[in-house]
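This report covers helix packing, buried positions and backbone outliers. Please keep the coordinates open while reading.

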Amino acid sequence: MLGSFSSSHEEEEDPSDLQYQIPQPSRAFITPAIQMRQLLISCAELVSQSDFSAARRLLSILSSNSSPFGDSTERLVHQFSTALSLRLSRYAAPNGGAMPASVNNAAADSDTFHSTYLSLNQITPFIRFSQLTANQAILEAVEGQRAIHILDFDTMHGVQWPPLMQAIAERCDDLHPPPMIRITGTGEDLGILQRTGDRLLKFAQSLGLKFQFHPLLLHNDSTSVPLYLPSALQLLPDETLAVNCVLYLHRLLKDDSRDLRLFLHKIKSLEPKVVTIAGKEANHNHPLFLQRFVEALDHYTAVFDSLEATLPPNSGERLAVERIWFGREIIDIVSAEGDDRRERHERFESWEVMLRSSGFSNVPLSPFALSQAKLLLRLHYPSEGYRLQIINDSFFLGWQNQALFSVSSWH
């Protein structure tokens, strides 16, 4: 299952009846996917140049060649065309700065959004891979401890923790009694956190584990999180602390990294035994719109291709995940700017620099963690397209030659 990632950049274009030139390579190398990719990039370039009339004409061509129910290329073009249309609505409108209502409403139905998260967790390996690998790093770091406290950022439904509880319970016997486990779970919806805590408590009781769950309401304000965190967190003297940041750190980035660096320094001051980090392998935080657009296009092309290869076209779960989860992310990356933009993913090397400068050291992920990741892919996502790689003692999961997610452990 081990593979290597390499980047490939294909340049091509579509003969055009528009009023501007599109580069045309040899037709022998043009595929519909390549053609649509370059048309999307050309449209984004026109938007970045404020040539809104030409962008609308090209967007009309793109929209007519896209469908949320088609193949992976048509579905991808549909999502990016929607996002470009929303950006046009924002920047070509007379009042300019207002975020289109459809962007604000994209995640308005929290119940639908959270149920889509559960579907995403089932039909793609990325979140399960991240959580499983993070769990193994935590399990190894807290082995033999009598009291464990996990600070989990953006807990949502808490699906990461039952497997860890089960692994802890299986290690216990008469000579090694089960430790006390406390999870402080953060989120923006207190009701979801409380229901998550109730479910986790029942599961822990079924395993004979001593368990407590503490909901910690953190609004998605990168300025307030690091300031609020130390006073809000209740740490007991005999507890071993683990901090879990799966798909979270990017939310603390704005146009600079000051708030994130403050957050990391606050976490370091808590003296955790381990900090687990997982994120997307893409630079969706580039200050230039066109660069950010191309990064997003390459990332989500691989994601949509993976869904195409592993799920039937009529899958309702696939449609919901593409439209509600990935569609929301694409809209955010493409159409939003400034404080409205939340999906500010960075590549592993950026996180590595920030973590090391904040006093953290990389903890190598174990051979057993690698075996677990391989087993997960083989049993639940048996496609040869998924690639697993180790770089700098960290794991990278991707599709074909495109790295998509990374997981690392720090101390």
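The crossing of α3 and α12 is right-handed; that label means the near helix is turned clockwise from the far one by less than a right angle, and anticlockwise would be left-handed. The model is predicted, so local features need pLDDT of at least 70 and side-chain atom pairs pLDDT 80 or more, while totals for chains, interfaces and linings use all residues. Residues are numbered from 1 along each chain as its sequence is written, and side-chain values use heavy atoms, without hydrogens and water.

**Helix pairs**

Two packed helices are described by the angle between their axes and the distance between the axes. Axes here are lines fitted to C-alpha atoms over the stretch in contact, and angles run from 0 to 180 degrees between N-to-C directions. Helices (H or I, at least four residues) and strands (E, at least two) are DSSP runs, numbered from the N terminus.

Helix α3 spans residues 72-91 and α12 spans residues 316-335; they pack at about 40°, with axes 9 Å apart. Contact means heavy atoms within 4.5 Å. On α3 the contact includes F80, L84 and R87, and on α12 it includes E322, R323 and I330. By class, this contact has nine nonpolar, five polar and six charged residues. Nonpolar covers Ala, Val, Leu, Ile, Met, Phe, Trp, Tyr, Cys and Pro; charged covers Asp, Glu, Lys and Arg; the others, Gly among them, are polar.

The axes of α10 and α13 come within 9 Å and cross at roughly 50°. The two helices are therefore oblique to each other. Oblique is what remains after roughly parallel (under 35 degrees), roughly antiparallel (over 145) and roughly perpendicular (65 to 115). α10 passes α13 in a right-handed crossing. L260, R261, L264 and H265 of α10 meet W351, M354, L355 and S357 of α13. Five of these residues are nonpolar, two polar and one charged.

**Around α13**

Which residues of α13 (348-357) are buried? They are F348, W351, E352, M354 and L355. Buried means under 20% relative accessible area, exposed over 50%, and partly exposed in between (1.4 Å probe, protein chains only). Their cover includes α10 (258-269) and the strands β5 (274-280), β8 (394-399) and β9 (402-410). G359 follows α13 and has a positive phi, near 100°.

**Selected residues**

Most residues other than glycine have a negative phi. E271 has a positive phi of about 55° without being a glycine. D393, also a residue other than glycine, has a positive phi near 65°. The table gives location and relative accessible area.

| Residue | Location | Relative accessible area |
|---|---|---|
| S130 | helix α6 (126-141) | 0%, buried |
| T155 | loop between β1 (147-152) and α7 (161-170) | 5%, buried |
| D393 | loop between β7 (386-391) and β8 | 39%, partly exposed |
| E271 | loop between α10 and β5 | 68%, exposed |

Leaving out residues up to four places away in sequence, S130 touches V246, A278, F405 and V407. The C-alpha atoms of S130 and S408 are separated by 9.1 Å, with their positions 278 residues apart along the chain. With that sequence cut-off, T155 touches G185, T186, L193, T196 and F213.

**Whole protein**

The protein has 14 helices and nine strands. Of its 411 residues, 53% are buried. Among contacts with a separation of 6 or more, 76% join residues 24 or more positions apart.
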